[in-house]
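Trainee: Could you show me how to read a few features in a structure like this one? I would like the general idea and then the case at hand.

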Amino acid sequence: MSKPNVIFILIDDMGWKDICCMGSEFYETPNIDRLATEGMLFTDAYAACPVCSPTRASIMSGKYPARVGLTNYIQVNSDTHFRQGGEKGKLLSAPYVPHLPASEKSLGTAFKERGYQTWHVGKWHLGSEEYFPENHGFDVNIGGCHCGCPPRPNCYFAPFSIPTLENRPGDEYLTDRLGDEAANLIKNSDGNPFFMNMCFYQVHTPLMAKADKIAKYEQKVKDMGLDKVQATIPGDFFPGEHKKNMRIERRVIQSNPVYAAMIEHLDENVGKILDALDDKGIADNTIVIFTSDNGGLSTAEGSPTCNAPLSEGKGWMYEGGTREPMLVRWPGKVDPGTKTDAIVTSPDFYPTLLEACGLPLEPEQHVDGRSFMKVLENGNTEYDRGPVFWHYPHYGNQGGTPGSSVRRGDWKLIEFFEDNSIELYNLKDDVGEKHNLAPEKPELASELLSLLHQWQSECNALKPVPNPDFIPWREADLKSID
């Protein structure tokens, strides 16, 4: 048999519980769930960052974002965002590299050098034109550019304003167009192995879906009685002096009909890809991976989804910001209907896929990645990739504050840079990170903090600096807001 094909499906902003096989009772995802039925479900899979661009760079490079230097989502035309993270809190966010450096040998390049056809479809968001997919090893680029979400004026609806996606007669909805493009690439493939980097713009804001699907879920809200349940609750104030009058609104149930409709659109187009593999007769020789680039958006921009029982969501250092749905289907290699709690993270895809395809590893490139082939082959519950690290030295526009964290086994420690405070959680007993055990276990907290600092130093992880212009909130201001 020839070397396996690879389809890597990366969703934008999809939360840990946004598919049925992960526990959603409101969204409908039969095609995505098929991957779980026919493959392996990972309960403890992570994105390398709580926002998008750094995770995407990590997947492509096999490195942590801090080592690449790309630690925040990219706004190419905003010098303020580049220098300060666009915030005015107690700290000035660390500077970051606003592209995937040309010096990184991308996963696309690694596959291309070994004879694979390489296709990128959908969102890229890793720099301006000189850093587009075709300059990082991809033979085909359909829809990949500098944009972090579908650009205005029409966003998800045609005509599209994506510079690398030609508008065509019959276009209506972006996700359908990208699904069709992916299916056509598969149908027209010539028998040589391929690597498809399938990155839907869905479910990033703005929330937009077809009217019939929105109506379907508006009715479902009523049928389930969710219209009688409080969907969101107010929380703390946003950090940053210029946001002091904005209170975080956290979604506590999944009930947004437009978001649910977007999930269904997405699921339908994942179905197109799976059907194309079946029609071509190559499903048995194709590895399909499905995951997301950061946690679900639950505390800003309408707070469209809920990640419960995980805490918070996109832009935060807590589990809701980084723990992701992850499914792997590989007929003949991965037993169908299996589940694993093996801990994996974004840079691990690089060495895993090369090993799975029998290609030489690139140890000087994917220095932070650890292959989880043993897990795929036998569901090895004894697999231990070692500690996993995160570094986000920025203010998230979802309410999160600059910090860094490490998970080792069941234990996770977070270091917050504003006040150098630490929090320690046992995720096995407390996945919602409600009980900070740092005061009770000072020795363990100190050990993990030392491990985190050692890693920060090794990666040359840049940290935020004090903001000389910060004016602390006055108690009277907060009382007046209440």
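Trainee: Is Glu28 buried, partly exposed or exposed?

Mentor: Before we start, keep in mind that this is a predicted model. Burial is read from the relative accessible area, with under 20% counting as buried and over 50% as exposed. Glu28 has 25% relative accessibility, so Glu28 counts as partly exposed.

Trainee: Which residue forms a salt bridge with Glu28?

Mentor: That is Lys216, and the closest N and O atoms of the pair are 2.8 Å apart. Lys216 sits in helix α7 (residues 211-223), while Glu28 is in the loop between β1 and α1, so the bridge joins distant parts of the chain, 188 residues apart. Lys216 counts as partly exposed because its relative accessibility is 34%.

Trainee: Which residues are linked with these two in a network of salt bridges?

Mentor: The network links Glu28 and Lys216 with Lys213, Lys220, Glu264 and Glu268. Across the whole structure, the search finds 34 salt bridges.

Trainee: Where do Arg56 and Asp12 lie?

Mentor: Arg56 is in helix α2 (residues 52-61), and Asp12 is in the loop between β1 (5-11) and α1. They are 44 residues apart, and this pair too links distant parts of the chain. Their salt bridge has its closest N and O atoms 3.8 Å apart. For accessibility, Arg56 has 3% and therefore counts as buried. Asp12, at 0%, counts as buried as well.

Trainee: How many residues apart are Glu181 and Arg177?

Mentor: They are 4 residues apart in helix α6 (residues 174-187), about one turn of the helix. Glu181 and Arg177 form a salt bridge, with 2.9 Å between the closest N and O atoms. Both residues are buried.

Trainee: Now to helix packing. What describes two packed helices?

Mentor: Two numbers do the job: the angle between the axes and the distance between them. Here, take helix α1 (residues 30-37) and helix α8 (residues 257-280), whose axes come within 7 Å and cross at roughly 55°. The two helices are therefore oblique to each other.

Trainee: Which residues of α1 and α8 meet?

Mentor: From α1 come Pro30, Asn31, Ile32, Arg34 and Leu35. They meet Asp267, Glu268, Val270, Gly271, Leu274, Asp275 and Asp278 in α8. By type, the residues of this contact divide into 5 nonpolar, 2 polar and 5 charged. You have met Glu268 already, as one of the residues in the salt-bridge network.

Trainee: How many disulfides does the count come to?

Mentor: The test is whether two cysteine sulfur atoms lie within 2.5 Å of each other, and the count comes to 0 disulfides. Take Cys155: the nearest cysteine sulfur belongs to Cys149 and is 6.5 Å away. Cys155 counts as buried because its relative accessibility is 4%.

Trainee: Why is Cys199 without a bond to Cys52?

Mentor: The sulfur of Cys52 is the closest cysteine sulfur to that of Cys199, but at 11 Å it is too far for a bond. Cys199 is buried, with a relative accessible area of 3%.

Trainee: One last residue: where is Ala300 found?

Mentor: Ala300 is in the loop between β9 (286-292) and α9 (319-322). Its relative accessibility is 8%, so Ala300 counts as buried. You can also compare separation along the chain with separation in space: Ala300 and Phe132 are 168 residues apart in sequence and 29 Å apart in space, C-alpha to C-alpha.

Terms used:
Residues numbered from 1 in each chain as written. Predicted model: local features only at pLDDT ≥ 70, side-chain atom pairs only at ≥ 80, totals over all residues. Heavy atoms only, no water. Axes fitted to C-alpha atoms, helices over the stretch in contact; angles between N-to-C directions. Parallel < 35°, antiparallel > 145°, perpendicular 65-115°, else oblique. Contact = heavy atoms within 4.5 Å. Nonpolar A, V, L, I, M, F, W, Y, C, P; charged D, E, K, R; others polar. Buried < 20%, exposed > 50% of the residue type's maximum accessible area, 1.4 Å probe, protein only. Salt bridge = Lys/Arg side-chain N within 4 Å of Asp/Glu carboxyl O.
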